[in-house]
Each structure stands twice: as structure tokens, then as C-alpha cells.
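Here is a friendly walk through one protein chain, written for someone who likes to see where each value belongs. Please keep the structure open as you read.

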Amino acid sequence: MGMSVTISAATEQDVEQIFRLQYLCFQSEAALYGNYRIDPLVQTLDSVREEVAADCVFVARLGDEVVGSVRGRVTEDGAAAIGKLCVHPRLQGHGIGARLLRAAESALAGERGAKRFRLHTGHRSESNLRLYRRVGYETVGTAQGADGVPMIVLEKPAGTYATTA
């Protein structure tokens, strides 16, 4: 390929690529649960546009192509909710997801004052769980997704972002 993947803050111009990438990436999650109504697959383009405008959103780029994305926002309790981490299937397993997490964690702690990071993934999503645990997240509970999928909730303190991803 000859190009390296770069991580940067998402812009309005990235919205459609993020939307298409999210739809592609979450097909395997939907198949894993037999549920094609999971949030990333039913989210609207306008909703993605609103998140890019308001939240902390990063993309991974290979040239002009968006090949990864992650979003985060600080909640009322001071935790940063991180979600919709996705990397194009052809580029998974090369550390791009960890790099996206590190960028989001750094911005959420440094610019938005997050005290800890929280994310969730489906209970059968072993590759996601491996990544999150490898970068320092620990299981703190379970929840039921709005789509009915049982979720594992993971957290880590904000002070650990720089050394774990």
C-alpha cells in the first residue's frame, strides 16, 4: 500500500464515510447476535452528523479513506462514554482500534475533563473484549442494550490512558 494510517479529529466532511464504515463494520456484530437492529445499523446519517458536531469523534485515515472511527462524550457523572469503535475489516488486527481509543481517551481527559472511561460491548464479542482488556479496561457490570443484546460494561480510570493503549 505504501501509505500509513493517520488518526485525527473527524470533520463534517467525514460524516458520510463514517456512516458507511459503521454500517459495514457492525454487520459482523449483528450476525453474532442474530439482531440486525443494533444501534450502529439503525442510526441515521443526521444522527452521525450531530455526533460529529457535538461529541469527541476521531477517524483513522488511509489516504483519503476513513478506515476507522470512534466517538466519546463526557456524561453527567464525569465519566467518558466511548462507543462505536470500528475499523474496516481488511485492516483489523493492526492496532488501529487501540490508536483510536488512545486518541479519544486523551482528548476526553485532557480537553473535556473525563475522570474515567466507560464503554460496553456485547457479551459474545470476544475480540472486542480482548482489545478493551488489553488496553486496561475492567468489567464493572452488565446491562441490557436498547436492542435487547446483553452487554458487558467496562471502565478504567482516566489517568491510565497514556500508558495502556
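## Helices across the sheet

Helix α1, residues 15-25, lies across strands β2 (56-62), β3 (65-74) and β4 (79-87), and runs at about 95° to β3. Please bear in mind that this is a predicted model. Helix α4, made of residues 45-54, also lies across β2, β3 and β4. The angle of α4 to β2 is about 105°.

## The sheet itself

What is the order of the strands in the sheet? Reading across, it goes β1-β2-β3-β4-β5-β7-β6, so to speak a row of seven strands in an open sheet with mixed pairing. At the edges are β1 (5-9) and β6 (138-144), each of which pairs on one side only. On average, neighbouring strands of this sheet are turned by 25° against each other, with direction ignored.

Three of the strand pairings can be set side by side, each with one example of residues that face each other.

| Strands | Sense | Bridges | Example of partners |
|---|---|---|---|
| β3 and β4 | antiparallel | six bridges | G72 and I82 |
| β4 and β5 | parallel | three bridges | A80 and F117 |
| β5 and β7 | antiparallel | seven bridges | H120 and V153 |

The β3 and β4 pair forms a hairpin with four residues between the strands. In that turn, G78 has a positive phi of about 85°. Strand β5 covers residues 116-122, while β7 covers residues 150-157.

## Strand β4 and an unusual phi

Strand β4 is mostly covered, with seven of its nine residues buried. K84 is found in this strand. Is K84 buried or exposed? Its relative accessible area is 17%, and because the cut-off for buried is under 20%, K84 counts as buried.

The backbone of K84 deserves a look as well. Most residues other than glycine have a negative phi. K84 is not a glycine, yet it has a positive phi of about 55°.

## V59 in strand β2

V59 lies in strand β2. Its relative accessibility is 0%, so V59 counts as buried. Which residues does V59 touch, leaving out those up to four places away in sequence? The list holds T6, I7, S8, A9, A10, D14, I18, V66, G68, S69 and L100. Of these, T6, I7, S8 and A9 fall within the 5-9 span of edge strand β1, and I18 falls within the 15-25 span of helix α1. For a sense of scale, V59 and A114 are 55 residues apart in sequence and 20 Å apart in space, C-alpha to C-alpha.

## Two buried polar side chains

T121 is found in strand β5, and it is buried, with a relative accessible area of 4%. What does the side chain of T121 make a polar contact with? The partner is the side chain of N128, at 3.0 Å. Beyond four places in sequence, T121 touches N128, L129, Y132, P150, M151, I152 and L154.

S125 sits in the loop between β5 and α6 (126-134). This residue is buried too, at a relative accessible area of 1%. The side chain of S125 makes a polar contact with the side chain of Y33, at 3.0 Å. Leaving out residues up to four places away in sequence, S125 touches E29, L32 and Y33.

## An aromatic pair

Y132, one of the residues that T121 touches, also takes part in an aromatic pair. A pair of aromatic rings is described by the distance of the centres and the angle of the planes. How many aromatic pairs are there? The count comes to one. Y132 and Y137 form that pair, with 6.2 Å from centre to centre and 65° between the planes. The pair is edge-to-face because its plane angle is over 60 degrees. Both Y132 and Y137 are buried.

## What the record adds

The UniProt annotation, from an unreviewed entry, reads "domain: N-acetyltransferase" and covers residues 5-159. Over residues 5-159, the chain is 36% helix and 34% strand. The end C-alpha atoms of this stretch are 26 Å apart.

Terms used. Residues are numbered from 1 along each chain as its sequence is written. This is a predicted model: local features need pLDDT of at least 70, side-chain atom pairs count only at pLDDT 80 or more; totals for chains, interfaces and linings use all residues. Side-chain values use heavy atoms; hydrogens and water are left out. Two strands pair if DSSP finds at least two bridges between them. Axes are lines fitted to C-alpha atoms, for helices over the stretch in contact, and angles run from 0 to 180 degrees between N-to-C directions. Contact means heavy atoms within 4.5 Å. UniProt positions are given in the numbering used here, feature names are shortened, and annotations may be inferred rather than shown by experiment. Rings of Phe, Tyr and Trp (its six-membered ring) pair if their centres lie within 6.5 Å; planes under 30 degrees apart count as stacked, over 60 as edge-to-face and the rest as tilted. Buried means under 20% relative accessible area, exposed over 50%, partly exposed in between (1.4 Å probe, protein chains only). A polar contact is a pair of N or O atoms within 3.5 Å; within protein, one must be able to donate a hydrogen and the other to accept it, and residues adjacent in sequence count only if both atoms are side-chain atoms.
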